[in-house]
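User: I would like to learn how to read burial, contacts, ring pairs and backbone angles in a model such as this one. Could we start from a single residue and then work outwards?

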Amino acid sequence: MKVCVFSDIHGNGPAFFSAIGNILSEDVDGHIFLGDLCGYYYDQVSIFSCMRDIPGLVSLKGNHDDLFLRIYSGDEDVRRDYRSRYGNSMEKLLQADCRELADWFAGLPESLTWDDLGTLFCHGSPGEPLAGYIYPDTPLEALAEEAASTIVLGNTHYPMHRMVAGKAIVNPGSIGQPRHGGWSSYAVLDLAAGEVAFREVRYDPSPLYAQIDDFRETNTYLKRVLSRCT
């Protein structure tokens, strides 16, 4: 069983539409999205329109996707906090026809287990599927007792392949906001052979910088983090 895994698009249309052709051209048995289509940037609706047409795509819910659902349901406290911390991406999304996207998010699982292949997929961590963080330098001893022999997760935006107690811990990195000093990344996993191959895709971020300026964002992080790969 060979799968292509990608994560953390975060509304970055220029990155996503540069990467999706590569992702779909991989010679694999299936594609898995680990969550966080939403957040930070602005092309959530067009990205969703593309993703829903990918045959057999398996998707999970991320923490920013869950925050969108809370905002969409009318939680004004979460909405104000999100705008203060992350900028105006949710505000733009709320101005669009996002009912179908909200329904899709609401139906997504927080984790997925393939018992026959000994594999667990989640956005965050086995203990906190939505919002856990396992970085390249996070101690892994707590994962040694997990039943799965391969744990595939996202959320940190850092590509990672580590071992603990004979278990593989894999993060494909981020499509929309890589933080490891490289470009948009995803991973191809051969679950039978225990092999992991990382891919990077370059893209032109200048249209995204223009979008950030158009929305008069005051959060300098939205641009600063993108400069790690330019």
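Analyst: Let us begin with Glu91, which counts as buried at a relative accessible area of 15%; buried here means under 20% relative accessible area, exposed means over 50%, and partly exposed lies in between, with a 1.4 Å probe and protein chains only. This is a predicted model, in which local features need pLDDT of at least 70 and side-chain atom pairs count only at pLDDT 80 or more, whereas totals for chains, interfaces and linings use all residues. Residues are numbered from 1 along each chain as its sequence is written, and side-chain values use heavy atoms, with hydrogens and water left out.

User: Where is Glu91 placed, and which residues does Glu91 touch, not counting those up to four places away in sequence?

Analyst: An element is read from DSSP runs numbered from the N terminus, a helix being H or I over at least four residues and a strand E over at least two. By that reading Glu91 sits in helix α5. A contact means heavy atoms within 4.5 Å, and once residues up to four places away in sequence are set aside, Glu91 touches Arg79 and Arg83. A distance can be read alongside: the C-alpha atoms of Glu91 and Ile71, 20 residues apart along the chain, are separated by 9.6 Å.

User: Ile71 belongs to α3, so to speak; how many of the ten residues of α3 are buried, and what do the buried ones pack against?

Analyst: For a whole helix, one counts its buried residues: seven of the ten in α3 are buried, so the helix is largely enclosed by the rest of the structure. Those residues are Asn63, His64, Asp65, Leu67, Phe68, Leu69 and Ile71, and they pack against α4 (76–86), α5 (89–95) and α6 (99–106). Asn63, with a relative accessible area of 12%, touches Asp36, His123, Leu130, Ala131, Tyr133 and Asn155, again leaving out residues up to four places away in sequence. By contrast with these contacts, the C-alpha atoms of Asn63 and Glu195, which are 132 residues apart along the chain, are separated by 28 Å.

User: How many aromatic pairs does the structure hold, and why is the pair of Tyr42 and Phe215 called stacked?

Analyst: Rings of Phe, Tyr and Trp (its six-membered ring) pair if their centres lie within 6.5 Å, and planes under 30 degrees apart count as stacked, over 60 as edge-to-face and the rest as tilted. There are 16 aromatic pairs in the structure. The ring centres of Tyr42 and Phe215 lie 4.7 Å apart with their planes at 5°, so this pair is stacked. The pair joins distant parts of the chain, 173 residues apart, since Tyr42 is in the loop between β2 (30–33) and α2 (44–51), while Phe215 is in the loop between α7 (206–214) and α8 (221–224). Tyr42 is buried at 2% relative accessibility, whereas Phe215 is partly exposed at 26%. The rings of Phe68 and Tyr72 have their centres 5.6 Å apart and their planes at 35°, so that pair is tilted. Both residues lie in helix α3 (residues 63–72), four residues apart, about one turn of the helix; Phe68 is buried at 0% relative accessible area, and Tyr72 is partly exposed at 34%. Ring pairs also link Tyr40, Tyr41, Tyr42, Tyr82, Tyr86, Phe215 and Tyr221 into a cluster.

User: What phi does Asp8 take, and is Asp8 buried or exposed?

Analyst: Most residues other than glycine have a negative phi, and most peptide bonds are trans. Asp8 has a positive phi of about 50° although it is not a glycine; Asp8 lies in the loop between β1 (2–6) and α1 (13–25) and is buried, with a relative accessible area of 0%. Arg216, likewise not a glycine, has a positive phi of about 50°, but this residue, in the loop between α7 and α8, is exposed at 75% relative accessibility. Just after α3, Gly74 takes a positive phi of about 110°.

User: Finally, how many helices and strands does the chain have, and what percentage of its residues count as buried?

Analyst: The chain has eight helices and ten strands. Its radius of gyration, taken over C-alpha atoms, is 17 Å, close to the 17 Å that the globule rule (2.2 Å times the number of residues to the power 0.38) gives for 230 residues, so the chain is as compact as a globular protein of that length. Of those 230 residues, 54% count as buried, and residues 24 or more positions apart account for 66% of the contacts with a separation of 6 or more.
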